[in-house]
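Please walk through the fold of this protein with the sequence and coordinates at hand, taking the sheets first and the cores afterwards.

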Amino acid sequence: MKNLTLSRKLLAVLLSSIAFTILFSFFFIHFLYSKLYLDSMEESIVYQGKRTASHYHYGELSDEIIEKIQWYNIVSEYEIIVVDQLDELTTYFPYKLDYKNLVDKNDYASLEKGAYVVKKGYVEELGREVLGAIFPIKGNDGLIGFIYIYVPLADIQDVFRESIPILIAVGTLFFFILFLVVNRAWQSIFKPLQDLQHLSGEISKGNYTKRMHTNRNDEIGQLADAFNSMSHSLEKQEEQKKEFTSNIVHELRTPLTYISGYVHVLQEKIYSSPEEAESYLSTIEKETKRLNKLINDLAELNHLQDGMYKMERQPIAIAQLLLDTLELFQFRLTEKNVEIQMELEEDIIVEGDPQRIQQVFYNTIDNAIKYADPNSILRLQLRKMDGQVSYRLTNSGISIPEEDLARIGERFFRTDKARNRTTGGTGLGLSIVKEIVRMHGGTFTMESDETNGTTVTIGLPTLSTGRRDESHE
């Protein structure tokens, strides 16, 4: 059975069920034959024999009485034999039941006590079963004779002759309907499974565009929906993988081209002045740092997503940590003439990894300044609300299209499709932010429109009261 397909297993179960049904019907008919027909015949024989013998409890078994008893042979369906002695029965009934004598010693003992004896067996000469009973006839001085009533039993096919056409008709109709139901169920179950098998083969070949179309709401429909969801997810992952490969190739090719070109210029001494050579070396250094940052960011993101980083959680005065981070951007803020407007609740305590929380602040502020308009305002808010610390950062720079908002935080995804080297980083900064926020059990959302600018909102759990008390001890 282990090597059989599901369809063959179900077919085997179906055929076994049909065979069991036929076998059950056979035994059921035999049960009816033995319990209804045979029992009713035996009951009828016993009743008739007792009734006949009861008329002759007294007196002798005369020829007139014997003749009267014989008259029952004409008016009844039974064969009736009347004898004075048991030994005479073999004269009128010269057959053996199941190849044994009609009367044995045990029968003699029962009859002498006045009890009747039922006899049943196969008679070879008649070619069928015979059911009968021997009844003692009592007189004044004891037994005066015996009555033997018997009837050849009809075969089972004779008993059910009238019902056999009905049984055949009903059975044929039953199996026809069963065939239609099974065929329908077969198509309903295995056709979708065969389609699913075919589509799975297509997916294994890398074709993720195939979908299974069905309007069913049962388990097969749910399986189809799950398969379609898986196909869509694989298709999306394949697109992201291709985009990731394209992005990383692009990110690596540009600095490597710069480095390779300027190294060649320096090696061949194709420059006009020491200042020009120094400029080439500065560019090589800058592109080397860019490559190093790209590799470090990518390694760090993988480290976070794979769960390999263990956070050092501790109570953090988050407002002070934010102010310390802002100091790192004073030069860039002054250079771009961007003003900071802050609204901070300074007594908020959170539990987390200070280094990673500061990295969240650094990456979001770095992005905000990078894409902010010159001479604009950067709004920063930190306050407690709804049991969380809400950190909001808004700039008035380039708005993000709505279709791009959902993809913010994907690896290498940047809204500037041209990947401008003057503004764009690696495209990994917000991916790292989202992972750190997730590890802290927080939330990350982004909104953007031309009127209000772009707002990053991050929610972080506050330190519970019990833990806060412990931190002050």
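## Two sheets and two cores

Strand β1 is joined to strand β4, residues 142-152, by 5 bridges, and the two run antiparallel. Within this pairing Ile80 stands opposite Ile149 of β4. The model in which these features are seen is a predicted one. Strands of a sheet pair through backbone hydrogen bonds, in either a parallel or an antiparallel manner.

The pair belongs to an open sheet of 4 strands, whose order is β1-β4-β3-β2 and whose pairing is antiparallel. Its edges are formed by β1 (79-83) and β2 (117-123), each of which pairs on one side only, and neighbouring strands are turned against each other by 20° on average when direction is ignored. Helix α5, spanning residues 105-112, packs on this sheet and touches β2, β3 (128-139) and β4, with a direction that makes about 150° with that of β2.

Further along the chain there is an open sheet of 5 strands, arranged in the order β6-β8-β9-β11-β10 with mixed pairing. Here the edge strands, each paired on one side only, are β6 (339-344) and β10 (443-449), and the twist from one strand to the next averages 10°. Strand β10 is held to β11, residues 453-461, by 7 bridges in an antiparallel arrangement, and among the residues so paired is Phe444, whose bridge partner in β11 is Ile458. Helix α12 (residues 354-371) lies across β8 (377-385), β9 (388-395) and β11, running at about 20° to β9.

In soluble globular proteins, nonpolar side chains tend to be buried together. The largest nonpolar core of this model has 35 residues, of which Ile318, Ile365, Tyr391, Phe444 and Ile458 touch the most other members. Two or more residues each are given to this core by α10 (318-327), α12, β8, β9, α14 (429-439), β10 and β11, and the largest share, 6 residues, comes from α12. Ile318, leaving aside its neighbours within four places in sequence, is in contact with Ile348, Val350, Ile357, Phe361, Leu382, Val389 and Leu460. A second, separate core of 18 residues includes Tyr37, Leu131, Ile147 and Val151.

Helix α12 also carries Asp366, and one may ask whether Asp366 counts as buried or exposed. Asp366 counts as buried because its relative accessibility is 16%, and the cut-off for that class is under 20%. Beyond its neighbours within four places in sequence, Asp366 is in contact with Phe329 and Arg332.

Terms used. Residues numbered from 1 in each chain as written. Predicted model: local features only at pLDDT ≥ 70, side-chain atom pairs only at ≥ 80, totals over all residues. Heavy atoms only, no water. Pairing = 2+ DSSP bridges. Axes fitted to C-alpha atoms, helices over the stretch in contact; angles between N-to-C directions. Contact = heavy atoms within 4.5 Å. Core = buried A, V, L, I, M, F, W, Y, C linked by side-chain atoms within 4.5 Å. Buried < 20%, exposed > 50% of the residue type's maximum accessible area, 1.4 Å probe, protein only.
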